[in-house]
Amino acid sequence: MTPRLAAILGALTADAATLGLHWLYDAERLKALQGQGSLAFRTPDIAAYQGVMGFFAHGGKVAGDLSFYGESCRLMLAHLAKTGGHFSRQAFQQDWLAAFGPGGHWVGYADRPTRLTVVRLLSYAKPDDYPAITGADDDQLPALECIPALVASQSAAVIDALVQTVQQAVAVTHDHPIARDAATIATHALHAVLAGVPMSQALAESAQGAGDILRPLLVEALAMPALDVTAATARFGMPCHLTQGLPLLFHIAHCASGFREAIEANILAGGDSCGRALLLGALTAAHDAQQLRIAGADLQTRGIPLAWLSQVKGIAEIVHQAELVTTNFAAS
């Protein structure tokens with residue numbers, strides 16, 4: 001599996017793996033559930049949330065389904081497969097409204113930026129009228145949904161042009177300075193990993209390029225010497241804001257031994273675990289694929305577990321589209 005293909009499949013596998021305990025905020029409950037079996041690929045069950053802090057958002061979903069975060073990422077992948085790897089802002093806005101708007105195919109919870117973007121797009125008579133910015137004034141993790149598919153499909157692109165494309169895509173749903181800064185950081189980090197830069201270096205260099213709000217948080221997260229989600233969540237928090245979730249996922253990506261440990265640690269960290277999962281899954285899966293190439297043999301702690309990948313709903317079409325955009329449309 002190429003690193004670019006791994007990035008896309010890793011992002012969506014991570015999201016599906018995390019859905020079952022998304023927005024559960026009680027560390028002790030999560031540890032208790034971990035003692036009963038794997039935290040990954042659980043069917044959402046309201047009983048897990050009873051009596052503790054959490055928001056049960058995914059009733060009716062089953063193990064292997066994507067969250068609305070993952071659906072947004074999958075939608076970008078489908079868009080790129082349809083357009084020959086070229087991001088077309090107005091076409092994507094139409095695709096996005098067809099998924100999340102009235103009569104759309106998405107069935108399930110949708111967050112505030114998603115709902116506000118639907119309202120804004122519906123206020124225009126025709127797609128030609130859609131402005132470049134239709135996103136909400138929101139600084140939360142869903143701003144990063146589009147990045148795995150966009151960056152992985154254009155991994156050899158000039159970084160400045162790639163950042164501009166990512167910013168156009170983010171503006172469809174998010175219009176906030178921290179969202180823009182986080183998107184740039186994430187683009188640089190994933191682009192570097194896909195180019196073969198070691199994880200620690202890719203994260204450190206992208207953190208140094210961050211703005212004044214995110215930079216010190218990311219530097220602090222990377223300075224933590226060993227994987228410790230209890231300490232990291234106590235310091236940065238479990239919720240959805242990028243100032244919380246991005247440092248936490250940087251810590252996990254930096255310290256985890258590979259994709260599986262990273263995703264399991266992210267679920268155990270609680271809170272907006274799906275919000276962190278897409279970028280975390282893309283980074284760690286791509287890095288694992290690079291390491292497997294170097295090692296020339298399977299490493300037990302590396303790569304997306306096939307038992308996980310096979311559980312992702314619609315995986316055959318996802319793999320087909322991911323192979324299309326990373327083989328035909330991206331330079332090697």
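In this predicted model, Asp65 forms a salt bridge with Lys313, and the closest N and O atoms of the two side chains are 3.8 Å apart. Asp65 lies in the loop between α2 (27-34) and α3 (68-82), while Lys313 lies in the loop between α15 (306-309) and α16 (315-327), so this pair ties together parts of the chain that are 248 residues apart in sequence. The two partners also sit in contrasting surroundings: Asp65 counts as buried because its relative accessibility is 8%, below the limit of 20%, whereas Lys313 counts as exposed because its relative accessibility is 58%, above the limit of 50%. Side chains of opposite charge can pair when their charged atoms come close.

**Other salt bridges**

The structure holds 10 salt bridges, and two others can be described beside the pair just discussed. Glu220 forms a salt bridge with Arg235, with the closest N and O atoms 2.7 Å apart. This pair links distant parts of the chain, with Glu220 in helix α10 (residues 214-223) and Arg235 in helix α11 (residues 229-236), 15 residues apart. Glu220 is partly exposed, with a relative accessible area of 34%, and Arg235 is partly exposed as well, with a relative accessible area of 42%.

Glu264 forms a salt bridge with Arg260, and here the closest N and O atoms are 3.2 Å apart. Both residues belong to helix α13 (residues 259-269), and because they are four residues apart in that helix, about one helical turn separates them. Glu264 counts as partly exposed at 30% relative accessibility, and Arg260 is partly exposed with a relative accessible area of 38%.

The table sets out the three pairs with their distances.

| Acidic residue | Basic residue | Closest N and O atoms |
|---|---|---|
| Asp65 | Lys313 | 3.8 Å |
| Glu220 | Arg235 | 2.7 Å |
| Glu264 | Arg260 | 3.2 Å |

**The chain as a whole**

The chain has 16 helices and zero strands. Along its principal axes, the C-alpha trace spans about 55 × 45 × 40 Å. A compact globule of 332 residues would have a radius of gyration near 20 Å, and the 18 Å found for this chain agrees with that expectation. Of the 332 residues, 57% count as buried. Contacts can also be sorted by how far apart the partners are along the sequence: among contacts between residues at least 6 apart, 74% join residues at least 24 apart.

**An internal cavity**

Rolling a probe the size of a water molecule over the atoms shows where empty space is left. A search of the whole structure finds one cavity of 30 Å³ or more, and about 80 Å³ of space lies in the largest cavity. Its lining is made up of Ser72, Phe92, Trp96, Pro142, Ala143, Glu145, Cys146, Ala169, Val172 and Thr173. Sorted by class, this lining has seven nonpolar residues, two polar residues and one charged residue.

**A buried leucine in helix α12**

One of the residues lining the largest cavity, Ala143, is also among the residues that Leu242 touches. Leu242 is placed in helix α12 (residues 242-255), and is buried, with a relative accessible area of 0%. When residues up to four places away in sequence are not counted, Leu242 touches Asp139, Gln140, Leu141, Ala143, Leu144, Ile178, Ala179, Ala182, Leu214 and Pro247. For another view of the position of Leu242, the C-alpha atoms of Leu242 and Leu278 are separated by 13 Å, although these two residues are 36 residues apart along the chain.

**Two residues with positive phi**

Two loop residues deserve a look for their backbone angles. Trp23 has a positive phi of about 60° although it is not a glycine, and this residue is found in the loop between α1 (3-18) and α2. With a relative accessibility of 7%, which is under the 20% limit, Trp23 counts as buried. Phe41, likewise a residue other than glycine, has a positive phi near 55°, and lies in the loop between α2 and α3. Phe41 is buried too, with a relative accessible area of 9%. The loop between α2 and α3 that holds Phe41 is also the loop that holds Asp65, the buried partner in the salt bridge with Lys313.

Terms used. Residues numbered from 1 in each chain as written. Predicted model: local features only at pLDDT ≥ 70, side-chain atom pairs only at ≥ 80, totals over all residues. Heavy atoms only, no water. 1 Å grid on protein atoms, 1.4 Å probe; cavity = no way out; pocket = protein on both sides within 12 Å on 5 of 7 lines; lining within 4 Å. Points joined across faces, edges and corners; volume = space filled by probe spheres on them. Nonpolar A, V, L, I, M, F, W, Y, C, P; charged D, E, K, R; others polar. Salt bridge = Lys/Arg side-chain N within 4 Å of Asp/Glu carboxyl O. Buried < 20%, exposed > 50% of the residue type's maximum accessible area, 1.4 Å probe, protein only. Rg over C-alpha atoms; globule rule 2.2 N^0.38 Å. Contact = heavy atoms within 4.5 Å.
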